[in-house]
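Opening the notebook on a new model today. I want to look up how the pieces pack, sheet by sheet and helix by helix.

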Amino acid sequence: MISIDGSFCEGGGQIVRNAMALSTITGRAFEITDIRKGRNKPGLKAQHVHAVKALKELCNATVKGDSEGSLYLSYNPSFIEGKDLNVSIGTAGSVTLLLQALLPPCLYSDKAMVINLRGGTDVKWAMPFDYFKQVYLPYLKGSVKAQLFKRGYYPKGGGEVTIEINPSFKKSPLEVTLRGELINIHGIVNSSSDLETKSVGKRIAESAFNVLRDNGYKANIDVQYSGTRSTGCGIVLWAQFKNDSSWPVITGSDKLGERGVTSEEIGKKAAKKLLERIRCNAPVDEHLADNLIILLALSGGKIKVEKISNHTRSAIYVAEKFLGKIFDVNIEENIVSVKSEK
């Protein structure tokens with residue numbers, strides 16, 4: 001059984017999620033200790049527990065320690081059996097973080113699947129739904145479709161998302177090291193309907209648009225208001241570039257609304273972050289890199305990233321626990337690659 005240190009590097013929940021995904025795919029059992037040890041509330045959170053339950057159903061795994069607050073988890077998978085799943089986190093726990101564990105194994109299913117999810121769609125410390133759909137999913141080349149039916153903000157959640165998976169994803173080397181000229185910039189502002197009278201969404205969009213315009217860029221930014229259980233708002237921006245390979249080149253930024261921060265400041269911060277990522281000339285932004293490591297580990301190839309973050313290091317650490325010392329990391333050029341077989 002593979003032993004994993006849950007406090008390694010940034011010591012977050014990503015270590016658990018990636019371990020479950022790779023364990024399910026490779027069929028290799030693992031145990032993890034000191035889960036999220038350095039956090040204010042250490043141990044498994046609700047979204048981790050529901051990820052375990054969903055994967056247990058998917059591959060008939062034998063599990064110990066799958067309860068909220070647990071610092072230990074053991075997981076022993078059997079064969080992946082494609083089936084439709086319904087997962088309700090019951091809180092504002094992030095559905096996109098849950099998918100970080102659940103989605104990669106589903107790509108190895110024996111048949112098409114539909115996953116219905118309930119929880120938080122736009123919450124702290126997680127990919128907003130629009131980033132997940134517009135920046136990450138294109139790298140799965142049409143194998144996954146995501147539809148949002150309802151937004152879910154903290155603290156009540158209640159977001160509803162459906163994921164359709166066609167396990168036709170073909171493993172080919174992930175080669176994303178260069179990018180061509182900018183094609184377009186798009187954005188989506190999301191807001192609960194109770195903020196519409198204050199034009200919160202419109203003000204966020206206008207602020208982001210103006211920052212980009214003043215720096216020589218045009219952007220199409222949509223504003224979406226919707227009925228939600230909790231008040232909330234946020235923005236996701238993404239820039240698409242030309243690429244000579246068959247892989248997309250999309251970099252994104254996002255900013256979640258918070259008390260004490262004006263609508264104008266939310267839009268401004270998201271736009272400034274996107275400008276930084278456009279100017280750094282790396283085709284893979286820092287947060288996308290975390291999510292591409294599993295694909296890179298399984299398919300081979302090379303990516304040039306904005307920054308080799310602690311989350312990226314943690315993802316590499318977990319992948320190499322299951323697949324061996326497969327990565328080369330060039331710190332000076334921010335390139336992560338899989339060693340070629342000889």
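My entries below go from the core to the sheets and then to the helices on them.

**Entry 1: core.** Note to self: this is a predicted model. I started with the largest nonpolar core and got 107 residues. Phe30, Phe132, Ile163 and Phe327 come out as the residues with the most contacts inside it. I then asked which helix gives the core its largest share, and it is H7, residues 286-299, with nine residues.

**Entry 2: Ile163.** I pulled the contacts of isoleucine 163, skipping neighbours within four places in sequence. The list holds Leu99, Leu103, Met113, Val114, Ile115, Leu117, Phe132, Val144, Lys145 and Ala146. Phe132 is also one of the core residues with the most contacts.

**Entry 3: the sheet with S8.** Ile163 falls in strand S8, residues 159-165, so I looked up that sheet next. It is open, has four strands in the order S5-S6-S8-S7, and its pairing is mixed. The edges are S5 (85-88) and S7 (144-150), each paired on one side only. On average, neighbouring strands here are turned by 15° against each other, ignoring direction. S7 and S8 run antiparallel and share six bridges. For one of the pairs I checked lysine 150, whose bridge partner in S8 is glutamate 160. Two helices turned up on this sheet in my search. H2 (residues 46-59) lies across S5 and S6 (113-119) and makes about 165° with S5. H4 lies across S7 and S8, at about 155° to S7.

**Entry 4: the other four-strand sheet.** This one is open too, ordered S11-S10-S12-S13, with mixed pairing. S11 (220-226) and S13 (249-256) are its edge strands, each pairing on one side only. The average turn between neighbouring strands of this sheet is 15°, direction ignored. S10 (residues 182-192) pairs with S11 in the parallel sense, over seven bridges. In that pairing, serine 191 stands opposite tyrosine 225 of S11. H4 shows up again: it lies across S10, S12 (233-241) and S13, at about 175° to S13. H5 (residues 200-214) packs on the sheet as well, touching S10, S11 and S12, and its direction makes about 165° with that of S11.

**Entry 5: H4.** H4 kept coming back, and I wanted to know how many of its residues are buried. Six of the eight are, so the helix is largely enclosed by the rest of the structure. The buried ones are Phe129, Asp130, Tyr131, Phe132, Val135 and Tyr136.

**Entry 6: H4 against H7.** How do the axes of H4 (residues 129-136) and H7 sit, in angle and distance? They pack at about 70° with the axes 12 Å apart. The cut-off for roughly perpendicular is 65 to 115 degrees, and H4 and H7 therefore count as roughly perpendicular to each other. From H4 the contact uses Tyr131, Val135 and Tyr136; from H7 it uses His287, Leu288, Asn291 and Leu292. I sorted the contact residues by type and got five nonpolar, two polar and no charged.

**Entry 7: S1 and S2.** Last stop, because I wanted to place Phe30 from the core list. S2 (residues 30-33) has Phe30 and Ile32 on its covered face, with Glu31 and Thr33 on the uncovered one. S1 (residues 2-5) runs parallel to S2, joined by four bridges. Aspartate 5 has threonine 33 of S2 as its bridge partner.

Terms used. Residues are numbered from 1 along each chain as its sequence is written. This is a predicted model: local features need pLDDT of at least 70, side-chain atom pairs count only at pLDDT 80 or more; totals for chains, interfaces and linings use all residues. Side-chain values use heavy atoms; hydrogens and water are left out. A nonpolar core is a set of buried Ala, Val, Leu, Ile, Met, Phe, Trp, Tyr and Cys residues joined through side-chain atoms within 4.5 Å. Buried means under 20% relative accessible area, exposed over 50%, partly exposed in between (1.4 Å probe, protein chains only). Contact means heavy atoms within 4.5 Å. Axes are lines fitted to C-alpha atoms, for helices over the stretch in contact, and angles run from 0 to 180 degrees between N-to-C directions. Angles under 35 degrees count as roughly parallel, over 145 as roughly antiparallel, 65 to 115 as roughly perpendicular and the rest as oblique. Ala, Val, Leu, Ile, Met, Phe, Trp, Tyr, Cys and Pro count as nonpolar, Asp, Glu, Lys and Arg as charged, and the others, Gly among them, as polar. Two strands pair if DSSP finds at least two bridges between them.
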